[in-house]
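Let's take a look at where the bound molecules sit in this protein. Have the structure open while you read.

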Amino acid sequence: MLEQAAITTIADIVDEAQSNGHTIAKITDAHPGMTIDDGYAVQDELLRRWQARGRELIGYKAGLTSRAKMVQMGVDVPSFGMLMRDTCDAEGGVVPTTGLIHPRVEGEIAFVMKQELSGPEVGAQDVYDATDFVQPAIEILDSRFEKFKFDLASVVADNGSSARFVLGGRPRRPQELDLSAIGIVLEINGEPVAFAASGAVLGHPVEAMRMLVSWLHTRGQSLPAGAVVLTGAATEALPIKTGDAICARFQDMGSINMRVD
Ligand code: OOG
Ligand code: MG
């Protein structure tokens, strides 16, 4: 584990790179002994600063939960990150990407909670009972690391490459769907460019929810009522540029459209 002074220094570097939209070297280049937990300690430090600036935590993102993403990014363990309210954009609108370095999009299933959920090992039924609805989401990623290349400890410190996200489509009760087999198609400028079934995420996206709650429990935390959770991309992430029209279609859950500014 790194000393708190090193965590603070890393938080300075990440915070500055995120605010000013420029790349940095992988954190582990300067701190080869850095662990994944050190990465989460950096997230804690970032959250303290962001909340002090009036930003609001509205949920969490699971990442690297599908084989497609693990292979694309060269890691084999899922990660968790924070979702801040001011990074959520309206469906059908224009999503600002000025200030981002090399943005990519991915389609995900989001859970919105109506009850607090906590414990070392919650079951799928517990997750369903605590869920208000599930709905389609598009996540816009932007790694602060050069060429979008990182290791797990570094990407955790960079809040899982979080940049922006859009919720939309049709909110549905999870009990009424087979969430292991929702077809997802991502289109850029009318051209279908990525396809997946929702079960590509750990066999079933509810598994990402169970992992998230267990992970929160190990940190003495719970998933609060009202939280939004992105369960991770089923497909690989695709690069986007200004002017692109993005559409993510989710079988039985509607679609999300957005334009990139
Ligand atoms: C890390 C974030 C991964 C997902 O849905 O898998 C992620 C990255 O690939 O940059 O958000
Ligand atoms: Mg994602």
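Start with ligand 1, which sits in the largest cavity. Keep in mind that this is a predicted model.

So who lines up around this ligand? Its shell has 17 residues, and L64, K69, E106, S161 and A233 come nearest. Sorted by character, the shell holds 8 nonpolar, 4 polar and 5 charged residues. Four elements, β1 (57-63), α4 (67-73), β5 (104-113) and β6 (131-141), supply at least two shell residues each. The top contributor is β1, with 3 residues.

Three of the nearest residues also place an N or O atom by an oxygen atom of ligand 1, as listed here:

| Residue | Where its N or O atom is | Distance to an oxygen atom of ligand 1 |
|---|---|---|
| L64 | backbone | 2.7 Å |
| E106 | side chain | 2.7 Å |
| A233 | backbone | 2.8 Å |

How much of ligand 1 does the protein bury? On its own the ligand exposes 310 Å², and the protein buries 100% of that.

Now for the metal. Which residues are the protein donors of the magnesium ion (ligand 2)? They are E106, E108 and E139, each through OE, lying 1.9 to 2.0 Å from the ion. You've met E106 already: its side chain also has an N or O atom 2.7 Å from an oxygen atom of ligand 1.

Along the chain, the magnesium donors follow the spacing E-x1-E-x30-E. E106 is in strand β5 and E139 is in strand β6, 33 residues apart, and this pair links distant parts of the chain. Both of those strands also supply at least two residues to the shell around ligand 1.

Terms used
Residues are numbered from 1 along each chain as its sequence is written. Chains are lettered from A and ligands numbered from 1 in the order in which they are written. This is a predicted model: local features need pLDDT of at least 70, side-chain atom pairs count only at pLDDT 80 or more; totals for chains, interfaces and linings use all residues. Side-chain values use heavy atoms; hydrogens and water are left out. A residue is near a molecule or strand if one of its heavy atoms lies within 4 Å of it. A polar contact is a pair of N or O atoms within 3.5 Å; within protein, one must be able to donate a hydrogen and the other to accept it, and residues adjacent in sequence count only if both atoms are side-chain atoms. Accessible areas come from the Shrake-Rupley method with a 1.4 Å probe; for residues, only the protein chains shown count as cover. On a 1 Å grid over the protein atoms alone, a cavity is a set of points where a 1.4 Å probe fits but cannot get out, and a pocket is an open set with protein on both sides within 12 Å along at least five of seven lines; lining residues have an atom within 4 Å of a point. A molecule sits in a cavity or pocket if more than half of its atoms lie within 2 Å of its grid points. Ala, Val, Leu, Ile, Met, Phe, Trp, Tyr, Cys and Pro count as nonpolar, Asp, Glu, Lys and Arg as charged, and the others, Gly among them, as polar. Donors are N, O and S atoms within 2.8 Å of the metal (3.2 Å for Na, K and Ca); water is not among the atoms, so sites may look incomplete.
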